[in-house]
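Got your viewer open and a selection box ready? Here is a walk through one structure, stop by stop, with something to click at each.

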Amino acid sequence: MISGTSQEEEYGGLYYHDSNLASGSLEALIQHLVPTVAYYPDRTYIFTFLLSSRLFIHPYELMSKVCHLCMDHQRLSDPQADKVRVRKIAPKILQLLTEWTETFPYDFRDERVMRSLKELTHRLSTGDEVNRASRDLERQMTQALIRKLTALGQYEEALAKISSTVTDRLTVLKNKPQSIQRDVLTVCSDPFTLAQQLTHIELERLSYIGPEEFVQAFLQKDHLDNEKTCFSNHKKASNLEAYVEWFNRLSYLVASEICIPAKKKHRARVIEFFIDVARECFNIGNFNSLMAIISGMNMSPVSRLKKTWGKVKTAKFDILEHQMDPSSNFYNYRTALRGATQRSITAHSSREKIVIPFFSLFIKDIYFLNEGCANRLPNGHVNFEKFWELAKQVSEFMTWKKVECPFERDRKILQYLLTAPVFTDDGKQPCAHRGPASPSPARLQSSTYSR
């Protein structure tokens, strides 16, 4: 490895390879995060370090260290500090804090992190030497953070309400099997409209997944950090889990809708409808719903309906299955995903910006990245080359999740997709039609492709 002389002289403990930061001690990396009068860290570094640092240090501990470095190094705790110096450094520190609160807002649900933030911003925004622009920046940052945390709380309440509604409907259905719910075709008979509403659900759930959840859910504790785990007391990856559960629910819903009708021609009509929905999802760039629909159709209670499938024109379904074929590490899908991503980059409309990846495969890629590389090098330094690659994958996801759904919402269809009961006959698989026997509620399972 080649050391970057100027950087090592200034910070110490940082090592570069081909001019790229390759490794460093945790303390040196933290110092590299903190602005000075003459220096502001690269935004890519800020994201990468804030994403990966939680493997080695709690966010509240990191925030405390950042606060102390800001105050001690820039003499913000000294009333007699050079006012010009303070005026120059304050906007930079506020900018760093703004990037942290915008990208990792869930860190600030921890009262310890929020307390340190308030303490530092108070020091930065008081005194004659701090200009009005800095005070405005501090106020805007705080207001934006409060809005994000409020929205998260409301989203969690909405998920809890949906879960409660599903439970209530399943209870009614269990007690009164004849009160079978309406089928999907009576709620929405247009494949394009249903694909749009599925995209609404996908983009909403994607938007609430914090980038840190990938680290907290899938990256294991470093064996060199044997004194404590940095995952204790952390917010669980609940939004990520809710998204995986949505994939499973959609798969079971598709299988249930196909198996419920008593007549073969009705079941065949539902299959063809979902094939058309899946095709529209592909055209939109909604690969997650596409794969969930295919998974539902491949469940054994559906696939064994040979006479029903005999009435279905399967050519379109065969094409979709080919696109999502898992062989060669999902080569066909990855090619289609690259095409959708390129379309999104050059998009002229909101619709063209939509890229919703097959999420279980995205998670698997991150899992294997983690398994293939150590978090630390033998000398104890943080292996930053690994985290550059991790950040690259997660930052692409961050771009995808920021897209606003351009389609009009249909509350009736959304409510049906989110709360309609799905069934099993043994607690593991959706039931096929077997006459009057009453079905039992489905139990969510892990995705077929999730690890």
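What follows is a tour of a predicted model, from the whole chain down to single side chains.

**Stop 1: the whole chain**

Start with a cartoon view. The protein chain has 20 helices and five strands. Now colour by burial: buried residues make up 50% of the 451 residues. If you switch on a surface, you are looking at about 21700 Å² of accessible area, 49% of it from carbon and sulfur atoms. And if you draw contacts, counting those with a separation of 6 or more, 74% join residues that are 24 or more positions apart.

**Stop 2: the small sheet**

Select 14-17, 20-24 and 382-383. The first range is β1, the second is β2 and the third is β3. Together these three strands make an open sheet, ordered β1-β2-β3, with antiparallel pairing. The edges are β1 and β3, each of which pairs on one side only.

Zoom in on β1 and β2, which are held in register by four bridges. To see the ladder, show His17, whose bridge partner in β2 is Asn20, and then Tyr15, which stands opposite Ser23. Two residues sit between the strands of this hairpin, and Asp18 takes a positive phi near 50° there.

Before leaving, show the side chains of β1. Which residues are on its covered face, and which on the uncovered one? Leu14 and Tyr16 are on the covered face, while Tyr15 and His17 are on the uncovered one. That is the pattern to look for, because side chains in a regular strand alternate between the two faces of the sheet.

**Stop 3: the main core**

Next, hide the surface and go inside. The largest nonpolar core has 125 residues, and Phe274, Met297 and Phe359 touch the most other members. Highlight helix α11 (residues 238-259) too, since this helix gives the most to the core, with twelve residues.

Centre on Phe274, in helix α12 (residues 264-284). Its relative accessible area is 3%, so Phe274 is buried. Which residues does Phe274 contact, leaving aside neighbours within four places in sequence? Show Val184, Leu194, Val254, Glu257, Ile258, Ile293 and Met297 to see them. For a distance to try yourself, go C-alpha to C-alpha from Phe274 to Leu290: they are 9.5 Å apart in space and 16 residues apart in sequence.

Now hop to Met297. With neighbours within four places in sequence left out again, Met297 is in contact with Val254, Ile258, Ile271, Phe274, Ile275, Val302, Ser303, Trp309 and Phe317. Apart from this core there is another one, of six residues, including Leu152, Tyr155, Tyr208 and Ala242.

**Stop 4: the rings**

Select the aromatic side chains. There are 25 aromatic pairs to find. Begin with Phe192 and Phe407, an edge-to-face pair with 6.5 Å between centres and 70° between planes. Phe192 is in helix α9 (residues 191-207) and Phe407 is in the loop between α19 (384-401) and α20 (411-419), so this pair ties together parts that are 215 residues apart in sequence.

Buried or partly exposed: how do Phe192 and Phe407 come out? Phe192 is partly exposed at 27% relative accessible area, whereas Phe407 counts as buried at 10%.

Then move to Phe384 and Trp388, also edge-to-face, at 5.0 Å centre to centre and 90° between the planes. Both lie in helix α19, four residues apart, so about one helical turn separates them. Phe384 is buried, at 0% relative accessibility, and Trp388 is partly exposed, at 25%.

For a bigger group, select Phe214, Tyr243, Phe359, Phe362, Phe397 and Trp400, which ring pairs link into a cluster. Phe359 is a familiar name here, being one of the residues that touch the most other members of the largest core.

**Stop 5: two last side chains**

Look at Tyr60 next. Arg112 lies over the face of its ring, 3.6 Å from the ring centre.

Finish back in helix α9, at Gln196. Where might you expect a glutamine, buried or exposed? Gln196 counts as buried, because its relative accessibility is 13% and the cut-off for buried is under 20%. Neighbours within four places aside, Gln196 is in contact with Ile284, Cys405 and Phe407, the last of which you met as the ring partner of Phe192.

Definitions and conventions
Residues are numbered from 1 along each chain as its sequence is written. This is a predicted model: local features need pLDDT of at least 70, side-chain atom pairs count only at pLDDT 80 or more; totals for chains, interfaces and linings use all residues. Side-chain values use heavy atoms; hydrogens and water are left out. A nonpolar core is a set of buried Ala, Val, Leu, Ile, Met, Phe, Trp, Tyr and Cys residues joined through side-chain atoms within 4.5 Å. Buried means under 20% relative accessible area, exposed over 50%, partly exposed in between (1.4 Å probe, protein chains only). Contact means heavy atoms within 4.5 Å. Two strands pair if DSSP finds at least two bridges between them. Rings of Phe, Tyr and Trp (its six-membered ring) pair if their centres lie within 6.5 Å; planes under 30 degrees apart count as stacked, over 60 as edge-to-face and the rest as tilted. A charge sits over a ring if NZ of Lys or CZ of Arg is within 6 Å of the ring centre and within 35 degrees of the ring normal. Accessible areas come from the Shrake-Rupley method with a 1.4 Å probe; for residues, only the protein chains shown count as cover.
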